[in-house]
Amino acid sequence: MGYVSAVPVPQPRARAATAPDATGSRRSLAAGLLLGAVGAAVVLLASGQTWAEGKAAVGGGSLPLTADGQDVTGLPAALALVGLAALVAVFAVRNAGRLLVAGLLALCGLGAGLSAYLGASDSAALDEKAAQTTGNTSATIDALSHTAWPYVTAAGGLLILVAGLLALRYGKLWPTMSGRYERDGTPRPRKAPRTAPDPDRPEDLWKALDRGEDPTH
């Protein structure tokens, strides 16, 4: 007479459907972390480089002046720092909170990229330096030129934006840092009470000795 097992047998289709999801989760997670971290590093680095160059008329000559990204606008660097914090916070929250943080990450990238792009043709920072240097509030910069660093900064902002979009799309599949410390609500199995070893069973005596117990009690 045969017996029917009550244990469900895993179906090949279920396993096949789960594998691509896990692979996509790992890939999107790695890409999001890499793009977010690299993008923030690029923005912070490029914001400290020279964005604009020019000359201010002083007496009968001219004085060369430069302005870095922080002189033009401090917004990209500030948003990059907020984006880094949001990238870490994505793994500390879940559900709706994760969507909100992922949206903040994407907005930080978008804001950093746009502000850097708009600052690529800015001349106000050098005009201000010219006025401070010459003591003439109406002094302006001649032979104004710009470097490629504002566009590098904008590219870093786009990387942060892509990281935020990945978090919005795949963040629900990513792990949570606090998950390993939280209970899942399932009851823990109870340990079976220890019984005194049976003297008539040598295997019980050996097990008690292995546990460091006194087999006579």
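# Notebook: a sheet, its helices and a few residues

I began with one pair across the sheet: Ala56 stands opposite Ile141 in S3. I noted at once that the model is a predicted one.

**Entry 1. The overall count.** I looked up the secondary structure next. The protein has seven helices and three strands. I then read along the sequence and wrote down the pattern α-β-β-α-α-α-α-β-α-α. The protein has 217 residues, and buried ones make up 30% of them. I also checked the surface. The protein exposes about 14200 Å², and 62% of that comes from carbon and sulfur atoms.

I wanted to know how far apart in sequence the contacting residues lie. I took the contacts between residues at least 6 apart in sequence. Of these, 70% join residues at least 24 apart.

**Entry 2. The sheet.** In what order do the three strands lie? I found S2-S1-S3, in an open sheet with antiparallel pairing. Strand S2 (61-68) and strand S3 (141-146) are the edge strands, and each pairs on one side only. From one strand to the next, the twist averages 15 degrees. I added a reminder from general knowledge: strands of a sheet pair through backbone hydrogen bonds, either parallel or antiparallel.

**Entry 3. S1 and S2.** I followed this pair in detail. Eight bridges join S1 and S2, in the antiparallel sense. One residue pair I looked up was Gly54 and its bridge partner in S2, Leu65. The two strands form a hairpin, with two residues between them. In the turn sits Gly59, whose phi is positive, about 60 degrees.

**Entry 4. S1 and S3.** I turned to the other side of strand S1 (residues 50-58). Four bridges join S1 to S3, and these strands also run antiparallel. Which residue in S3 is the bridge partner of Ala52? I found His146. My opening pair, Ala56 and Ile141, belongs to this part of the notes, with Ile141 in S3.

**Entry 5. Trp51.** I stayed in strand S1 and picked Trp51. Is Trp51 buried or exposed? Its relative accessibility is 0%, so Trp51 counts as buried. The cut-off for buried is under 20%. I then looked up a partner in space. Trp51 and Pro150 are 99 residues apart in sequence, yet their C-alpha atoms are 6.1 Å apart.

**Entry 6. Helix H5.** I moved to helix H5 (residues 124-134). Four residues here are buried: Ala125, Leu126, Ala130 and Ala131. What do the buried residues of H5 pack against? I listed S1, S2, H2 and S3. Just after H5 comes Gly135, with a positive phi of about 80 degrees.

**Entry 7. The salt bridge.** How many salt bridges does the structure hold? I found one. The side chains of Lys129 and Asp71 meet in it, at 3.3 Å from N to O. The pair links distant parts of the chain: Lys129 is in H5, Asp71 is in helix H2 (residues 69-72), and 58 residues separate them. I checked the exposure of both ends. Lys129 has a relative accessible area of 27%, so Lys129 is partly exposed. Asp71 has 37% relative accessibility and therefore also counts as partly exposed.

**Entry 8. A nonpolar patch.** I searched the surface for nonpolar side chains. Leu44, Leu81 and Leu84 form a patch there. Together they have about 230 Å² of accessible area. I traced Leu44 to helix H1 (residues 12-47). Its relative accessibility is 34%, so Leu44 counts as partly exposed.

**Entry 9. Asn95.** My last stop was a loop. Asn95 lies between helix H3 (75-89) and helix H4 (96-118). Its phi is near 60 degrees, a positive value in a residue other than glycine. Why does Asn95 count as exposed? Its relative accessibility is 62%, and the cut-off for exposed is over 50%.

Methods
Residues numbered from 1 in each chain as written. Heavy atoms only, no water. Patch = residues over 30% accessible without salt bridge, like charges linked within 9 Å, V, L, I, M, F, W, Y side chains within 5 Å. Areas by Shrake-Rupley, 256 points an atom, 1.4 Å probe, with all protein chains shown as cover. Salt bridge = Lys/Arg side-chain N within 4 Å of Asp/Glu carboxyl O. Buried < 20%, exposed > 50% of the residue type's maximum accessible area, 1.4 Å probe, protein only. Pairing = 2+ DSSP bridges. Axes fitted to C-alpha atoms, helices over the stretch in contact; angles between N-to-C directions. Contact = heavy atoms within 4.5 Å.
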